[in-house]
Amino acid sequence: MNRGAGSGALISQDRDGALARMWGWPMTDLQTRIAALTARQRAQLEERVARLAATRATGGRERIRPRDRSRPTPLSYAQQREWALERFRPSNNIIGAMRMEGDVDLDVLSRALTEITARHEVLRSTVEVVDGTPVQVVQPVRPVPIPVVDLTGLPPQRQEAAVRRHFDAEVERPFPPQRVPRMRATMLRLDPRTWIGLLIVHHAASDGWSTALVVHEAIQLYRAFHEGRGSPLPPLEIQYGDFAVWQREHLTEEWMAGEVRYWRQVLAGMPPRLALPTDRPYPARRTFEAAQHPVTMPRDMAIAVHRLAEDQNASISMIMLTAMSVMLYRYTGQDDLVFGSAITARNRIETEPLIGCFANVLPLRMRVSRNQTLREVLRHAREVVATAFDHQDFPFDRLVEELAPRETTQTPLIQMMINVLTTPGELFRTTDQAVEMSGLRISPEPVRLGPIPIDMILIVNPRPESIELHWHYSSELFDAGTVIRLANQFSHIMDQLVHELDRRVGEVHLLDTATVTSSPVKASAGETFRGFVDVFQQQVALAPDATAVAYQGSTLSYEELNRDANRLAHHLRAMGVAAETPVGVLVDRSPRLAIAVLGVLKAGGAFIVVEPDQARSVLSGLSVPVVVTTPELAGQVEGTGARVVLVDDGDGPDTDLPDSPAPGQAAYLAHPAGSTGVVVSHRSLVTYATEAAARLQLGAGDRYLQYAESGSDGAVEELFPVWTVGGSVVFPAAGTRLIAAAEAERATLVRLLTGCFPEPDGCGQARPGWLRLVIVPPAPAPGRTGVPLMSAYRVAGAAGSAILRRLPSRPGDTAPGHLPLGTPLPSVRAHILDAELRPVPAGGTGELYLGGPTIARGYLGRAGLTAQRFVADPLTPGQRLYRTGDLACRRADGTVELVGHTESR
């Protein structure tokens, strides 16, 4: 049997419907769902019910009976949940509002509300603990006072603000635990004949459906009492306490154990949390502050959604679940998603007229893949909802106890709910949903949604020719702009779901998918068409006597460094080094490193800086023909087949060579490993050095401490940017601690390989006052360090670091699991793409790809690996992107955040 077309699927039009239609006539949850069905769906339901009836024994199920009042009355599961939550929240209230225009008799209104508390014991029941077990105790009837707040002296705008303040205050004001009734009212007088009434009920005694009942009964009682009649309401057969006893007796531990087994199987292996695009981490102590963003779906779209529901035998909730699953999958790449759905849980006729807390939550687990069609996802949603409703009686709080991890700040199991509201019966028979009585008109007043217990709730209010969406979200976690973008994205996906049902999920279009760049990519002619040799020699001509290198009290000026590098370059040329010849550099961390790399570049070669412990394997693997080294390290070259050139033995001419390397010529080999490495051109090197100098605000007075590493990548990061502006590179003495080295050399910048700045030495040394910036790998803000920090994100396929960020002095607002990287250098194109190589929207998760002139040429001698990692840019014809293997997202301000890594990394 196809469960998707069965009763569970057809009647799943859910969800605390009275909250949206507090002006309707109450019905059972089953009646509500049936009322929402189309004619076709109703016929299928009737056929299914007839088949079920034919296979079951005759006779109805046992009705709920009045309880034995000589025994303590337990709390229902929903009551116990709300009672427990009250310990962690300042308040736990449900609020409704009405506008009353005309002559209001406050005494009659108070009498009507008092009568409601007399009818419904739950509104005058308190919770007491007896032998360690909470029970509900019915208290005597007490009048419901109606205080009046006079706002008539305020102008309209100030009145609106005052109404909002009173509304917020009433939502937050708790009910004293032992005081009854568990319902209160306040009247705000706007003018002598216009009032706004606020009705507040404690959630342990009510739910959204019950709020509708309170309003419905209050209107009937007010009319009757105002006309001098008695109560027109029929007596109640049972009370909420009777239901609580029945529930505890019938939902046995054996039944509970079976439900636990079922839900364990359904939720086994579920992800720890739904990957919502939050803007901030969970606070240590949540306040549950919330905001909302309302959206009204266009009439033609709403009609199309209703038509889709009828054509696909689906409810509106299933369509919303489908669209949300697709959106978050495309946004974050998460293919296993668990949502919640609030249900009224009034599936017995006896509960129809009762006020009380019946609401429950159903987990809905969706699996999505990019190769599914939207039709297939919708079919899956039908199956998920239908199956879940077969297990709707199991209390959600019990499920949390059994399955949820012990989290202190995050909402367990469910972080987002999709609640579709349905009309609980006929509306008042006026087009404006108002009710008229002698001298008084009562109409619904829009209310602000109060605190939110989870991260986000999408409230969907369907009408025949319109659909209203309310995005209720935690303002502790989300910015308003983020939620607005999500709402726009959701509407865009809904349009595709309605009109292109057979479109693949991976082909669903997304909005707001711009490339992340710091500024328009327009490199200057100087940056584009010069190699680094020309850049350096221009600096020599500008300031020949400026210090280029400092070491243990001695210095090399730009002129002296240029001459030493020229002598080495002439020597290398004589040994056959030509354009793109790989040349090893095996020297100590000293001015020799500067001379060696410059000499290789001037000769036209591509330098490869190697560490002594890796020299033999790297030089042999790459078949390097020539190595520049020192007498102390020359022994490491033996057996590699490379010829040795001592860096200090150059005795040739010290003049510039007649030709300089072309911009596209190889400058160095990065990340050498085995028989390959990444080939980086002069164009990439110059572009990076120029833009990094600007981002770091380097100047001629800067002294960059070469401390972190001496490989090719360290040379690129620490030598070349400062040379483009006439600054100097400082080499510390071997074995010198960082702070001591910075102090001795008066360094202004240093780069570290860890994300923290070391503490001062035990002798009480302070951090050097002239050290203005420390560059570290991407890391969370470390707190106060006494020196500004900047993180630099570097990958194998680009010259130097591509994305930089100044770290704040204290941790900022970052979503859980996200590490801010910063913004790209001006020429870097940072794409965040999905598996189809299409951009994801702001806040969405995808793989980070980098493009622009700083990107390397590819892997030496590895065409296959180059094709795998360097791919065509789908957004810029003729350009390439480097695939980083990192998962990232971008904020609306362009900041790139690291989220994780792909399997290919």
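1. Let's start with a loop residue. Leu421 sits in the loop between strand E11 (416-420) and strand E12 (435-437). Its relative accessibility is 5%, so Leu421 counts as buried, the cut-off for that being under 20%. Leu421 and Ile343 have C-alpha atoms 9.6 Å apart in space, with their positions 78 residues apart in sequence. Keep in mind throughout that this is a predicted model.

2. Next, the sheet that E12 belongs to. Here 6 strands make an open sheet with mixed pairing, and the order is E5-E6-E7-E2-E13-E12. Strand E5 (148-150) and E12 are the edge strands, each pairing on one side only. On average, neighbouring strands in this sheet are turned by 20 degrees against each other, ignoring direction. Inside the order, strand E2 (residues 93-102) and strand E13 (residues 440-444) are antiparallel partners over 5 bridges. One detail to look up on screen: Gly102 has Leu440 in E13 as its bridge partner.

3. Two helices pack on that sheet. Helix H5 (residues 106-119) touches E2, E5, strand E6 (183-191) and strand E7 (194-202), and its direction makes about 160 degrees with that of E6. Helix H6 (residues 156-172) also packs on the sheet, touching E2, E5, E6 and E7; the angle between its direction and that of E6 is about 175 degrees.

4. Now the rings. The structure has 17 aromatic pairs. Take Tyr240 and Phe358: with ring centres 5.0 Å apart and planes at 85 degrees, the pair is edge-to-face, since planes over 60 degrees apart count that way. This pair links distant parts of the chain, 118 residues apart, with Tyr240 in helix H8 (residues 240-250) and Phe358 in the loop between strand E9 (336-343) and strand E10 (360-367). Tyr240 counts as buried at 1% relative accessibility, and Phe358 counts as buried at 4%.

5. A second pair is Phe532 with Phe720. Their ring centres are 4.6 Å apart and their planes stand at 85 degrees, so this one is edge-to-face too. Phe532 lies in helix H16 (residues 532-542) and Phe720 in helix H22 (residues 720-723), so the contact ties together parts 188 residues apart in sequence. Phe532 is buried, with a relative accessible area of 1%, and Phe720 is buried at 0%. Both rings belong to a cluster linked by ring pairs, whose members are Phe532, Phe536, Tyr558, Phe607, Tyr668, Phe720 and Trp723.

6. If you care about charges over rings, there are two to check. Arg184 has its charged end over the ring of Phe175, 4.3 Å from the centre. For Arg248, the charged end sits over the ring of Tyr77, 4.0 Å from the centre.

7. Last stop, strand E35 (residues 880-890). Of its 11 residues, 8 are buried, so E35 is largely enclosed by the rest of the structure. Which strands does E35 pair with? Strand E32 (residues 846-851) pairs with E35 in the antiparallel sense over 5 bridges, and strand E34 (residues 870-872) does so over 3 bridges. Leu881 in E35 stands opposite Gly851 and also opposite Val871. E35 and strand E36 (residues 896-901) are antiparallel as well, over 5 bridges, with Cys889 opposite Glu897 in E36. The E35 and E36 hairpin has 5 residues between the strands, and there Gly894 takes a positive phi near 95 degrees.

Terms used
Residues numbered from 1 in each chain as written. Predicted model: local features only at pLDDT ≥ 70, side-chain atom pairs only at ≥ 80, totals over all residues. Heavy atoms only, no water. Buried < 20%, exposed > 50% of the residue type's maximum accessible area, 1.4 Å probe, protein only. Helix = DSSP H or I, 4+ residues; strand = E, 2+ residues; numbered from the N terminus. Pairing = 2+ DSSP bridges. Phe/Tyr/Trp six-rings, centres within 6.5 Å; stacked < 30°, edge-to-face > 60°. Lys NZ or Arg CZ within 6 Å of the ring centre and 35° of its normal. Axes fitted to C-alpha atoms, helices over the stretch in contact; angles between N-to-C directions. Contact = heavy atoms within 4.5 Å.
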